[in-house]
Amino acid sequence: MTNLPRLYSGMQPSADSLHLGNYIGALLQWKELQSTHDAFFSVVDLHAITVAQDPAELREKTRRTAAQYIAAGIDPSASTLYVQSHVPAHAQLAWVLNTITGFGEASRMTQFKDKSARQGAEATSVGLFAYPVLMAADILLYDAEVVPVGDDQRQHVELTRDLAERFNSRYGDTFVVPQAMILKESARIYDLQNPESKMSKSAESGSGIVWLLDEPEVTRKKIMRAVTDTDGVVSFDRQGKPGISNLLVIYSALSGRSIESIELEYEGTGYGDFKKGLVEVVVDEFAPVRQRALDLFADPGELDRILAANADRASEIAESTLAKVYDRVGFLRRSR
């Protein structure tokens with residue numbers, strides 16, 4: 001057992017490769033947090049099937065996402081890194097929480113409203129509607145005190161807190177009520193071709209996405225072709241110079257240098273030299289991560305062994321929580 005505060009976070013296996021936004025926006029911060037927290041990190045494949053998936057592709061993406069967590073510095077011997085569906089208690093607790101979640105409460109979730117409005121009612125699944133309740137189960141199973149999320153997930157953590165407090169009030173003290181840890185705004189990375197939009201796998205074009213597994217030459221071309229502006233001054237101005245500001249944030253996050261020191265270095269040199277410097281920083285950062293990921297892909301048996309051992313560790317805690325919940329709600333205990 002550890003006295004460190006418990007933390008839970010996860011990411012969907014929605015692409016063959018994670019991208020620069022995932023790496024800076026989540027993985028670098030997770031890597032830092034695992035030294036100060038008892039960290040649980042999950043590849044949330046149950047969440048992934050709220051949209052149609054090819055089964056073989058989903059299995060492959062799940063493995064590849066887990067491998068990239070490890071390659072990026074998530075240590076499966078220090079953190080608990082597992083696949084969500086390997087721990088059945090996630091779905092089992094979600095059902096119980098569904099029964100104390102109001103229909104209106106769930107329908108007010110902003111992400112559900114946005115996605116269902118785009119897709120239409122007939123194309124929107126009950127799974128998408130209940131997605132935030134499953135997320136609440138993910139968090140509450142492990143007595144997580146801290147949940148690092150982007151600002152777009154804050155509402156889901158608030159629902160988790162409400163459900164925890166409601167259950168505790170109705171059935172007695174059972175769940176830890178978690179706090180959202182909003183990931184640094186400075187870590188939000190935008191599309192290189194559309195610096196007004198967050199870098200996302202769902203972008204219309206892949207030309208603005210830097211994938212962690214891209215060949216170095218592909219990464220170089222994408223950065224050198226990144227949208228900037230016409231004044232040629234390397235300076236941070238999110239509103240007036242979104243393209244250069246985005247590149248400065250990337251440079252700063254990966255080099256550990258302040259934006260001000262980078263601005264000074266490239267004062268009067270123009271965008272070409274600045275972009276070449278950024279290419280070097282990104283390629284140097286990603287090279288060992290990419291190689292470690294490729295090594296893990298080449299040995300799926302070892303990766304599966306790591307994930308199974310971590311799922312056992314997660315299950316021990318999750319099943320203990322679920323047993324307590326089942327007892328509190330009045331389910332008949334199974335005789336031995």
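Contact, as the word is used here, means that heavy atoms lie within 4.5 Å. In this predicted model, Gly-150 touches Ile-182 and Leu-183 when residues up to four places away in sequence are not counted. Gly-150 is found in the loop between strand S4 and helix H8 (154-171), and with a relative accessible area of 25% the residue is partly exposed. The C-alpha atoms of Gly-150 and Asp-284 are separated by 26 Å, the two residues being 134 residues apart along the chain.

Strand S4 (residues 146-149), which precedes this loop, is covered on both faces, with Val-146 and Pro-148 buried on one side and Val-147 and Val-149 buried on the other. S4 pairs with strand S5 (residues 179-182) in the parallel sense, over four bridges, and within this pairing Pro-148 stands opposite Met-181 of S5. On the other side of S4 in sequence, the loop between helix H7 and S4 holds Asp-143, a residue that has a positive phi of about 55° although it is not a glycine. Asp-143 has a relative accessible area of 26% and is therefore partly exposed.

A second parallel pairing involves strands S1 (residues 6-11) and S2, which are joined by six bridges, and here the partner of Ser-9 in S2 is Phe-41. Strand S2 (residues 38-43) is mostly covered, six of its six residues being buried. From S2, Asp-38, Phe-40 and Ser-42 point one way, whereas Ala-39, Phe-41 and Val-43 point the other way, and all of these residues are buried. Phe-40 also belongs to an aromatic cluster, which it forms together with Tyr-8, Tyr-82 and Tyr-142.

Beyond this cluster, aromatic rings were examined throughout the model, and a search of the whole structure finds 13 aromatic pairs. In one of them, the rings of Tyr-23 and Phe-286 have their centres 5.1 Å apart and their planes at 80°, and because planes over 60 degrees apart count as edge-to-face, the pair is assigned to that class. This pair links distant parts of the chain, with Tyr-23 in helix H1 (residues 20-33) and Phe-286 in helix H12 (residues 271-297), 263 residues apart. Both Tyr-23 and Phe-286 are buried.

Another aromatic pair is formed by Phe-103 and Phe-129, with 5.1 Å from centre to centre and 35° between the planes, and this pair is tilted. Distant parts of the chain are again linked, since Phe-103 is in helix H5 (residues 103-107) and Phe-129 in helix H7 (residues 126-140), 26 residues apart. The two partners have the following accessibilities: Phe-103, at 67% relative accessibility, counts as exposed, whereas Phe-129, with a relative accessible area of 18%, is buried. A charged side chain also meets an aromatic ring in the model, as Arg-64 lies over the face of Phe-297 at 4.2 Å from the ring centre.

In helix H6 (residues 110-119), Gln-119 counts as partly exposed, at 38% relative accessibility. Leaving aside neighbours within four places in sequence, Gln-119 is in contact with Thr-124 and Leu-128. Gln-119 and Gln-29 are 33 Å apart in space, C-alpha to C-alpha, and 90 residues apart in sequence.

For the protein as a whole, 13 helices and five strands are present. A compact globule of 336 residues would have a radius of gyration near 20 Å, and the value of 21 Å for the protein agrees with this. Along its principal axes, the C-alpha trace spans about 75 × 45 × 40 Å. Buried residues make up 49% of the 336 residues, and the protein exposes about 16,100 Å², of which carbon and sulfur atoms supply 50%. Among the contacts with a separation of 6 or more, residues 24 or more positions apart account for 75%.

Terms used
Residues numbered from 1 in each chain as written. Predicted model: local features only at pLDDT ≥ 70, side-chain atom pairs only at ≥ 80, totals over all residues. Heavy atoms only, no water. Phe/Tyr/Trp six-rings, centres within 6.5 Å; stacked < 30°, edge-to-face > 60°. Helix = DSSP H or I, 4+ residues; strand = E, 2+ residues; numbered from the N terminus. Buried < 20%, exposed > 50% of the residue type's maximum accessible area, 1.4 Å probe, protein only. Lys NZ or Arg CZ within 6 Å of the ring centre and 35° of its normal. Rg over C-alpha atoms; globule rule 2.2 N^0.38 Å. Areas by Shrake-Rupley, 256 points an atom, 1.4 Å probe, with all protein chains shown as cover. Pairing = 2+ DSSP bridges.
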